[in-house]
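Me: Could you take a close look at one part of this model for me? Just walk me through it in plain terms, and give the cut-offs as you go.

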Amino acid sequence: MTGKHHGPADVDVRYAAPTGRLVRYVTGYHRFAAPICHQTELRDAFFPSVTTIRVSLRDSPPWSLKIGSRCIDPMPVVALTGPTSYAGYVSCHGGELVGVGLLPFGWAQIFGGDVSRLSNRVVPLSAVDPGADMLRASLEGELPFDAAFAGWLEARLERRPPADPRIEALCEMLRDPATTRIEAVAEALDMSPRALAAMTRFNFGFTPKLLLRRTRFLRALTTMLTNPEGGQAALEAAGYWDRSHFLRDSHLFLGCSVREFSRRRGPHNQVAITARTQALGTPV
C-alpha cells in the first residue's frame, strides 16, 4: 500500500508499506520531494525515530540535519542515521530524498552490532555496508523506490545468524500503550532489568526507560498535532498526569515546546503524518 499526499509549495510525500518477510525488519519506505530553489531555504523536521537510511537522488542540492547539539552539514548523499532520541531539524533547498526505517530487529538481522555507537549520529552508509553505491544506483534506476530498497535489503537478510527473537517481542510491547513498567517488561522477557538494559542499548540504542518515554511522547505529540482540540485527552491517553510532565518530555525529545516545534517544522512534517498513517497505519 502506498500513501501519497501533496502539500504546500508542491511538497510531495509518499510512504509505502513493506511486504513479504521484510515486514518484520523495516517500518516502511518514504519519499520527500520539493522543487529545487537555491535562493530559498526550506526548513523541516523529523521526529525521533529508529535507525534510518536516506538517499539524496539525482541533482538534489546538499542538505543539513541538526540532531541535538550535532549539526551534519552536508549530509552524506547515502546516509545512515542511527536511532534518535532528539528531533532532527532539516535545512535544504529542495530536491528528492528517499528512505527506509529499520526496526531494531531489522538492524540486528541485516547489519548487526552495537547500534548505541550510532545513537543520535549520522555516518555514510558505506561505513557499515560497502554496497551503498549499488543502492543509490538502484534507486536512480527504473524501479519504484520501495522496490529498489526491498531488493537491496532482501539480498542482505541471509548474511547473518538469526537475530534474538526477544528484540521483536520487545518492539511489540513498546507499541502497546498498556506497557508502562520496565520491571514488567523484563519479567515478560525472562530477563533481569540489567540484562534488559544491556539488550536495548545494543539493539535499540537507548535504555528501556528512554524508549518507553519516547514512544509515549510521540503517541501524544502526533495526536496533538493532528487534533489540537483533543490535546488534553491525548495526554491522558498516553499516560501523562499533567501538562508540565509532557512539557519536560517535549524539551527532552524536541528541544523546545510543542508550540515552538509547530513553528520550526515545515510542510513535509505535517503532510508526512497523514501520508504515513494512510500507508502504514500509524503516524510515527
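Reply: Let's begin with Glu140, which is partly exposed at a relative accessible area of 31% (buried is under 20%, exposed over 50%, partly exposed in between; 1.4 Å probe, protein chains only). Bear in mind that this is a predicted model, where local features need pLDDT of at least 70 and side-chain atom pairs count only at pLDDT 80 or more, while totals for chains, interfaces and linings use all residues. Residues are numbered from 1 along each chain as its sequence is written, and side-chain values use heavy atoms, with hydrogens and water left out.

The part to look at is the salt bridges. Glu140 makes one with Arg136, at 3.7 Å from N to O (the cut-off is a Lys or Arg side-chain nitrogen within 4 Å of an Asp or Glu carboxyl oxygen). Arg136 is partly exposed as well, at 25% relative accessibility. The structure holds 16 salt bridges, so there are others to visit.

Take Glu172 and Arg175 next: their closest N and O atoms are 2.5 Å apart. Both sit in helix α4 (residues 165-175), three residues apart, or about one turn of the helix (helices are DSSP runs of H or I, at least four residues, strands are E runs of at least two, and both are numbered from the N terminus). Glu172 is partly exposed at 49% relative accessibility, and Arg175 is partly exposed too, at 46%.

Helix α10 (residues 258-264) has a pair with that spacing: Glu260 and Arg263 are three residues apart, about one helical turn. The closest N and O atoms of this salt bridge are 2.6 Å apart. Here the partners fall into two classes, since Glu260 is partly exposed at 27% while Arg263 is exposed at 58%.

Beyond these pairs there's a network: salt bridges link Asp12, Arg14, Arg31, Arg58 and Glu96. Asp12 and Arg14 fall within β2 (12-16), Arg31 within β3 (26-34), and Glu96 within β10 (95-102).

Those strands also turn up around helix α3 (residues 145-154). The buried residues of α3 are Phe145, Ala148, Phe149, Ala150, Trp152 and Leu153. What covers them includes β2, β3 and β10, along with β5 (51-56), α1 (104-110) and α2 (132-139) (contact here means heavy atoms within 4.5 Å). Arg136, the partner of Glu140, falls within that α2 stretch, which brings us back to where we began.
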